[in-house]
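Colleague: Please take a close look at one part of this model for me. I would like to know where the residue sits, what surrounds it and what it is bonded to.

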Amino acid sequence: QVQLVESGGGLVQPGGSLRLACAASRNIFSSTLRWYRQAPGKQREWVAVITSVGSTNYADSVKGRFTISRDNAKNTVYLQMNSLKPEDTAVYYCNADVNSYNFWGQGTQVIVSS
């Protein structure tokens, strides 16, 4: 079992930045880690992924603005979000593949509004 706890969400103005963090309860150095988001009234959508060797990929809607990274020593994955737009408003969830199982965090709210 792995617990994932997100943090770093909040209210930010358009054009601003936030850094989300997701801390795991055990080592995740061999895990693929992802961020998803779910806006009000919409389905959950994939945002970014980072593999165990550090390869990354992004949804087109965030490419060039968001950066996923990981710190295996801290069992933590990050999502740096820059140039935020109102349409980035959502609950952001981290997700981890660990030993053929898939785990989710509880989510952190991001609101982009003036």
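Modeller: Take Cys94, in a model that is predicted. Cys94 has a relative accessibility of 1%, and because buried means under 20%, Cys94 counts as buried. The residue belongs to strand β9, which covers residues 90–98.

The bonding comes next. The structure holds one disulfide, and this disulfide joins Cys94 to Cys22, with an S to S distance of 1.9 Å. A disulfide is a covalent bond between the sulfur atoms of two cysteines. The link of Cys22 and Cys94 is right-handed, with 45° about the S-S bond. The two cysteines come from distant parts of the chain: Cys22 is in strand β3 (residues 18–24), Cys94 is in strand β9, and 72 residues separate them. Cys22 has a relative accessibility of 2%, so Cys22 counts as buried too.

Now the surroundings of Cys94. Setting aside residues up to four places away in sequence, Cys94 touches Leu4, Glu6, Cys22, Arg34, Trp35, Val77, Phe103, Trp104 and Gly105. The disulfide partner, Cys22, is thus one of the residues on that contact list. For a sense of distance within the fold, Trp46 is 48 residues from Cys94 in sequence, and the two C-alpha atoms are 9.8 Å apart in space.

Asp88 is worth a look alongside Cys94. Asp88 lies in the loop between β8 (76–81) and β9, and β9 is the strand that holds Cys94. Asp88 also counts as buried, at 1% relative accessibility. A polar atom of the Asp88 side chain lies 2.8 Å from the backbone nitrogen of Lys85. Leaving out neighbours within four places in sequence, Asp88 is in contact with Arg37, Arg65, Phe66, Ser83, Val110 and Val112.

For contrast, consider Ser114. Ser114 lies in the segment after β11 (108–112). Its relative accessible area is 83%, and because exposed means over 50%, Ser114 counts as exposed. Ser114 and Gly54 are 60 residues apart in sequence, and their C-alpha atoms are 35 Å apart in space.

To return to the part you asked about: Cys94 is buried, lies in strand β9 and is joined to Cys22 by a disulfide.

Technical notes:
Residues numbered from 1 in each chain as written. Predicted model: local features only at pLDDT ≥ 70, side-chain atom pairs only at ≥ 80, totals over all residues. Heavy atoms only, no water. Helix = DSSP H or I, 4+ residues; strand = E, 2+ residues; numbered from the N terminus. Buried < 20%, exposed > 50% of the residue type's maximum accessible area, 1.4 Å probe, protein only. Contact = heavy atoms within 4.5 Å. Polar contact = N/O pair within 3.5 Å; in protein donor to acceptor, adjacent residues only side chain to side chain. Disulfide = S-S within 2.5 Å.
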